[in-house]
Amino acid sequence: MRKALLAAALGTLAACSDATSPSLSTTGKSPRLTLASGNNTVTVTESSIARQAEDTPPAKSWVFYTRNVATGTFRVGPSTTPLGNGSFEVSTPASGDKGSLFNFDHVGTKLADVDAISYDTYRSAGNAQQVTALNIQVDFNGPDVSGGFTTLVFEPVYNTAQGAVANDTWQHWDAYDAGNAVWWSSKSIPGVCEFNCFVSWNTIVGNNPDATILGGFGINQGSGNETLVASVDALKLGYSGNSVTYNFEDNACHFTTSGSTMTLNGDCVTTSTISIPNGFTLDGDGHSITAMDPASGHFTGAVITNAGASANVINLTVTASGLSDVCDGGTDRLRGIMFDGASGSITGNTVTGVRQGLSGCQEGNAIEARNAPFAGETGPIDMHPDVSVTISNNTVNNYQKNGITVNGAVVANVTGNIVTGDGSIS
């Protein structure tokens, strides 16, 4: 009787995990990734992924698919993460919500060659049984036979030997476990019934020796998981003796503030201008800030600018990647580091690649210090007090318009910089 009750309970949970459908795997497939020798680590950030509605062809090798109001966020933490300082957090507030983060680089890999699958989870909110699952979209009868789609699902709740799911702690799940990890299938396949058969990885492979990865490999938080909030990191897949571990990192810009110094915590991406509070120093600590276009519209203005009457920027690399070739005017013009009406220093930085490709737009100054009045302006001089700026020991190259510009009522000390232009321009 207890076995029957357990099987019924497990069957109910499996059905609620809501495995992915075949339409994700039948179009937009990328060629199989060739793993480098050994254990490799690849960092995945917001810029790595496409965000799409479920059941749409993948636009990138990584796609976060959603249904209803599920969300997925690259974040710092929670707590001390298994790799780096970030993770990917999925939230499914209602029972019909669904979020899946899938990678499509492993299409064509034989399941018989797989020798490592694992991931780590941190459940911040949810019931006592569920946490984010693993999905692999599979052609169970191999590429030489038509049909054969299923989704294989690993859920920690069915792998009781690895411990119970707990809140507020990182937990490691071995979804291979020398072939003994327990999986289920979204469709009936040889040796495995639909949904309610919980079998080992070795059982699946033994009964389906030609099975290959057909589509996505990744994490899935499906319907029936209302109020579940869970983070994932260190997603690993290995085959033929080599492996890749995906390190999910928040690549937004974060700073640690001490006194009047804000120190950049790591390399990051911004889609809008970062402003330095009045009187503060931005210390890049050797890291980089990369400007990228936002999801809608395009990047405008300076990458770094002042918010008040004084600021300093030191030890920072400022660059840009893939900016749209759209011309703007005034303060919306692209710049790397711009002081507008502010005194201070820009010292020991690298500003490179601040440009919109091979653009003719009259913007893209690497470093600019400006202050009214400008040429042709009139008015009482005391309305425009001079600002004093030091621009020293910076490296500037691959800019769009000017390397270093000083404009208007600025007293500037420009010394020790290395500015490399493009040479003769036709």
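Rings of Phe, Tyr and Trp (for Trp, its six-membered ring) count as a pair if their centres lie within 6.5 Å; planes under 30 degrees apart are called stacked, over 60 edge-to-face, and the rest tilted. With that in hand, here are the legends. This is a predicted model, in which local features need pLDDT of at least 70 and side-chain atom pairs count only at pLDDT 80 or more, while totals for chains, interfaces and linings use all residues. Residues are numbered from 1 along each chain as its sequence is written, and side-chain values use heavy atoms, with hydrogens and water left out.

**View 1. An aromatic cluster joins six residues.** Trp-62, Phe-64, Phe-74, Phe-88, Tyr-246 and Phe-248 form one aromatic cluster. Across the structure there are 12 aromatic pairs.

**View 2. Phe-102 meets Phe-104 edge-to-face.** The ring centres of Phe-102 and Phe-104 are 6.4 Å apart, and their planes make an angle of 65°. Is this pair buried or exposed? Phe-102 is buried, with a relative accessible area of 0%, and Phe-104 is buried too, at 1%. Here, buried means under 20% relative accessible area, exposed means over 50%, and partly exposed is in between (1.4 Å probe, protein chains only).

**View 3. Phe-154 and Trp-183 form a tilted aromatic pair.** Their centres lie 5.7 Å apart, with 55° between the planes. The pair links distant parts of the chain, 29 residues apart: Phe-154 belongs to strand β9 (residues 149-154) and Trp-183 to strand β11 (residues 182-185). Both Phe-154 and Trp-183 are buried. Strand and helix numbers run from the N terminus and follow DSSP runs (helices are H or I, at least four residues; strands are E, at least two).

**View 4. A right-handed disulfide joins Cys-193 and Cys-197.** A disulfide is a pair of cysteine sulfur atoms within 2.5 Å, and the sulfur atoms of Cys-193 and Cys-197 are 1.9 Å apart. Why is this disulfide called right-handed? Because the torsion about the S-S bond of Cys-193 and Cys-197 is about 115°. Cys-193 is partly exposed at 29% relative accessibility, and Cys-197 is partly exposed at 24%.

**View 5. A disulfide joins Cys-253 to Cys-268.** The S to S distance is 2.0 Å. The torsion about the S-S bond of Cys-253 and Cys-268 is about 85°, so this disulfide is right-handed. Which parts of the chain does the pair link? Cys-253 sits in the loop between β15 (242-248) and β16 (255-258), whereas Cys-268 is in strand β18 (residues 268-270), 15 residues apart. Cys-253 is buried at 18% relative accessible area, and Cys-268 is buried at 4%.

**View 6. Ser-288 touches Cys-268.** Ser-288 lies in strand β21 (residues 288-291) and counts as buried, at 17% relative accessibility. Not counting residues up to four places away in sequence, Ser-288 touches Leu-264, Gly-266, Asp-267, Cys-268 and Thr-317. A contact here means heavy atoms within 4.5 Å.

**View 7. A left-handed disulfide links Cys-327 and Cys-361.** The sulfur atoms of Cys-327 and Cys-361 are 2.0 Å apart, with -85° about the S-S bond. Cys-327 lies in the loop between β24 (317-320) and β25 (335-340) and Cys-361 in the loop between β27 (350-352) and β28 (365-371), so the pair ties together parts that are 34 residues apart in sequence. Cys-327 is exposed, with a relative accessible area of 52%, whereas Cys-361 is buried, at 4%. How many disulfides does the structure hold? There are three, and they follow the pattern 1-2, 3-4, 5-6 when bonded cysteines are counted along the chain.

**Setting for the close-ups: the protein chain as a whole.** To place these views, note that the secondary structure comes to two helices and 33 strands. The C-alpha trace spans about 95 × 50 × 35 Å along its principal axes. Of the 426 residues in the protein chain, 50% are buried. Among contacts with a separation of 6 or more, 70% come from residues 24 or more positions apart.
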